[in-house]
Amino acid sequence: MMIVNTVEKEDKSTAVKVVHISALHLGRRFPELGKDAEALRYHDVFRAFQQVINYVLREGVHLLLIAGDLFDHLHPSRETISFVLSCFGEVHRKNPDARIVICPGKGEILLRTEGKTECILSVFSHLPYVHLVGCGDSVESVQLEWEKAKVRVSSCDYDRFFYSDFRIREVPSAASTFGIFLLHCHSRRRGVAASDHEILAEKIFQPLSARGYRYFALGNTHQLADLSTEKYYAFFPGSVERLNIDEDRSKKYLIRFDINGRNFTAAPQPVPVRARPLEYVNITCVPGERDLAFLVEDAVRKGNRDAMLYLVLQGQIKFDDFNRFINSDIKKRLEEKFSIVHIENRLIFLEKGEDYSYHALRVGTPQEEFRHFMEREINSAPDGSRERTFLQELLEIGLREIKESE
């Protein structure tokens, strides 16, 4: 597929401004958190994307690249889609010259048994200022033109580079333009991510660099990574909000660069995006030493009402001592100091005692846990589908059976 989109109006005093982001995961749920905390984190993901849009508007960005995972799954809610449409529409209204180019992530495309694909990004196909690339098996490309530069953005399925019949000439040459390759580095069929940077360089970056591609806009990983060399620039910008706090506690960024003609005006740079402040505290408990409330006291002093506290408890403790902490005043004080308090319980209990507390173990009753799991599955199923009806029936049957077994 090739589209030529010429933009006639352009401020002659500026270069073409480009922003690269990935891993928005709009619609992501956080089932490990309590109900109120999950709702807050759910909206945090949208807030982070709104920050990017505000930056695009404020800086007069001409080209926004989204390297996959705009949505968290194939069937986002209508509210989520409407939010994105509103953001894209605002960009277009305030800067009609701006263009948005997106490739799909692993949760946004479905491979059917008959070989056909279904992509949620098709909801944007009617927008002339939004271009979808990399949705099929073949290489797709769009050429955009401003007075200061002609830009070719190409993309394909990551697996395509490893097919036996693949030839690098399938990728349109970018020799006469500024070439950008947009790539979500995850295999649709094998279900694995491209973690080996040497393979990426050998199979993708180096051959495409020879065809004129100067920038590789990568997606899939949730942390910033710079794979650039003296011949090209390649970045994983990471996610714009922390999606798994235990694995990702780093700062968040978008990538910004400007181009004039076929050249960068300066090297691409990460620009900070403000994620919700995080206080990550890891406490190791040892029987017979100071009680847990004392060990947590320092976290109270670091309290920030806008921040979330992720408290990891590990080691060994008497079960009664842990119950005493859960019901203590210190936990209430933590909840007053932080917007979110999540306690990750990795403790080994030496004595459980007579009073077994599900709350102390940070899980719900069997009915609550089963309901929570099934509701997640139901919400991810298409509205009105047979799958959704079957899951709802399964939920009712399962709850009855759990109740009868007690």
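Helices and strands here are DSSP runs, with at least four residues for a helix and at least two for a strand. Counted in that way, the protein has eight helices and 19 strands. Please keep in mind throughout that we are looking at a predicted model. Of the 406 residues in the protein, 50% are buried. Among contacts with a separation of 6 or more, 71% join residues that are 24 or more positions apart.

Let me begin with helix α1. This helix runs over residues 35-59, 25 residues in total, and covers 37 Å from its first C-alpha to its last, close to the 36 Å expected at 1.5 Å a residue. Glycine 60 follows α1 and has a positive phi, near 65 degrees.

Helix α1 also leads us to the interior. In soluble globular proteins, nonpolar side chains tend to be buried together. In this model, the largest nonpolar core comprises 51 residues, and Leu70, Phe88, Ile102 and Phe124 have the most contacts inside it. Two or more residues each come from β2, α1, β3, α2, β4, β7, β16 and β18. Which element gives the largest share of this core? That is α1, with ten residues.

Phenylalanine 124 illustrates the packing. Setting aside residues up to four places away in sequence, phenylalanine 124 touches Leu70, Phe71, Val84, Leu85, Phe88, Ile102, Val130 and Leu132. Apart from the largest core lies another, of 24 residues, which includes Val133, Trp146, Phe178 and Ile180.

Leucine 182 deserves a moment as well. This residue is found in strand β10, residues 178-184, and leucine 182 counts as buried at 0% relative accessibility. Leucine 65 is 117 residues away along the chain, yet the C-alpha atoms of leucine 182 and leucine 65 are separated by 7.6 Å. Beyond its neighbours within four places in sequence, leucine 182 is in contact with Leu65, Ile66, Ala67, Val101, Ile102, Cys103, Val133, Val153, Ser154, Ser155, Cys156 and Ala217.

I turn now to helix α4, residues 292-301, where Leu292, Val296, Ala299 and Val300 are buried. Viewed down the axis of α4, the buried residues fall within an arc of 100 degrees, so they line one face of the helix. Their packing partners are β17, β18, α5 and α6.

Next, the charged residues. Side chains of opposite charge can pair when their charged atoms come close. With a side-chain nitrogen of Lys or Arg required to be within 4 Å of a carboxyl oxygen of Asp or Glu, the count comes to 18 salt bridges.

One of these joins glutamate 241 to arginine 41, with the closest N and O atoms 3.4 Å apart. The two partners are 200 residues apart: glutamate 241 sits in the loop between β13 and β14, and arginine 41 in helix α1. Are these partners buried or exposed? Glutamate 241 is buried, at a relative accessible area of 2%, and arginine 41 is buried too, at 0%.

A second pair is arginine 274 with aspartate 306, whose closest N and O atoms are 2.7 Å apart. Arginine 274 lies in the loop between β16 and β17, and aspartate 306 in the loop between α4 and β18, so this salt bridge ties together parts that are 32 residues apart in sequence. Arginine 274 counts as partly exposed, at 45% relative accessibility, as does aspartate 306, at 27%.

A third pair returns us to α4. Arginine 333 forms a salt bridge with glutamate 297, and their closest N and O atoms are 2.7 Å apart. Arginine 333 belongs to helix α6 and glutamate 297 to helix α4, 36 residues apart. Arginine 333 is partly exposed, with a relative accessible area of 28%, and glutamate 297 is likewise partly exposed, at 23%. Salt bridges with shared partners also join Arg41, Asp44, Arg47, Glu241, Arg274, Arg276 and Asp306 into one network.

I close with aspartate 69, in the loop between β3 and α2. Aspartate 69 is buried but has no salt bridge. Which side chain of opposite charge is nearest to aspartate 69? It is lysine 106, 6.3 Å away, whereas a salt bridge requires the atoms to be within 4 Å. Neighbours within four places in sequence aside, aspartate 69 is in contact with Ala23, Leu24, His25, Pro104, Gly105, Lys106, Gly107, Glu108, His184 and Asn220.

Key. Residues are numbered from 1 along each chain as its sequence is written. This is a predicted model: local features need pLDDT of at least 70, side-chain atom pairs count only at pLDDT 80 or more; totals for chains, interfaces and linings use all residues. Side-chain values use heavy atoms; hydrogens and water are left out. Buried means under 20% relative accessible area, exposed over 50%, partly exposed in between (1.4 Å probe, protein chains only). Lys and Arg count as positive and Asp and Glu as negative; His and the chain ends are not counted. Contact means heavy atoms within 4.5 Å. The expected span of a helix is 1.5 Å times one less than its number of residues. A nonpolar core is a set of buried Ala, Val, Leu, Ile, Met, Phe, Trp, Tyr and Cys residues joined through side-chain atoms within 4.5 Å. The arc is that of the directions from the helix axis to the C-beta atoms.
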